[in-house]
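User: I am new to this structure and would like to go through it step by step. Please keep the answers short.

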Amino acid sequence: MSPLPSDTAARRALILAAGLGSRLRTANGGPKALVEIHGRSILERALAALEAHGTRQITVVIGHEGDRIAEHLAARGRGAAIELVRNP
């Protein structure tokens with residue numbers, strides 16, 4: 001499959017990262033978005049894929065242990081503009 005032309009790239013994206021991860025049973029009990037696979041979190045992999053396709057504004061919905069996700073994103077310090085929305 002060939003990549004989409006740059007003029008059709010999604011400008012904005014939404015990542016849902018508010019789940020408990022109860023079915024995943026994370027070893028550290030943390031949010032599933034921060035589970036690492038081969039040294040990179042699921043969240044980081046999603047962000048990198050979106051950025052590689054031209055997305056520059058990403059909204060991440062956080063809930064369970066949202067502060068840990070917020071810290072992870074703050075430490076990232078590069079890439080697309082990220083807005084956090086808390087799901088109560």
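**Arg76 and its surroundings**

Analyst: This is a predicted model. In it, the side chain of Arg76 makes a polar contact of 2.7 Å with the side chain of Glu51.

User: Which other side chain does a polar contact of 2.9 Å join to Arg76?

Analyst: A polar contact takes a pair of N or O atoms within 3.5 Å. The pair in question is at 2.9 Å, and the side chain that it joins to Arg76 is that of Glu44.

User: Is Arg76 buried or exposed?

Analyst: The cut-off for buried is under 20% relative accessible area. Arg76 has 10% relative accessibility, so this residue counts as buried.

User: Which residues does Arg76 touch, not counting those up to four places away in sequence?

Analyst: Arg76 itself is found in helix 2, which covers residues 66-76. Leaving out residues up to four places away in sequence, the residues that Arg76 touches are Glu44, Leu47, Ala48, Glu51 and Ile82.

User: What pattern does the protein follow along the sequence?

Analyst: The secondary structure comes to two helices and five strands. Read along the sequence, they give the pattern β-β-β-α-β-α-β.

User: What percentage of the residues in the protein is buried?

Analyst: The protein has 88 residues. Buried means under 20% relative accessible area, and the share of buried residues is 31%.

User: How much of the exposed area do carbon and sulfur atoms supply?

Analyst: The protein exposes about 6,000 Å². Of that area, the part supplied by carbon and sulfur atoms is 56%.

Terms used:
Residues are numbered from 1 along each chain as its sequence is written. This is a predicted model: local features need pLDDT of at least 70, side-chain atom pairs count only at pLDDT 80 or more; totals for chains, interfaces and linings use all residues. Side-chain values use heavy atoms; hydrogens and water are left out. Helices (H or I, at least four residues) and strands (E, at least two) are DSSP runs, numbered from the N terminus. Buried means under 20% relative accessible area, exposed over 50%, partly exposed in between (1.4 Å probe, protein chains only). A polar contact is a pair of N or O atoms within 3.5 Å; within protein, one must be able to donate a hydrogen and the other to accept it, and residues adjacent in sequence count only if both atoms are side-chain atoms. Contact means heavy atoms within 4.5 Å. Accessible areas come from the Shrake-Rupley method with a 1.4 Å probe; for residues, only the protein chains shown count as cover.
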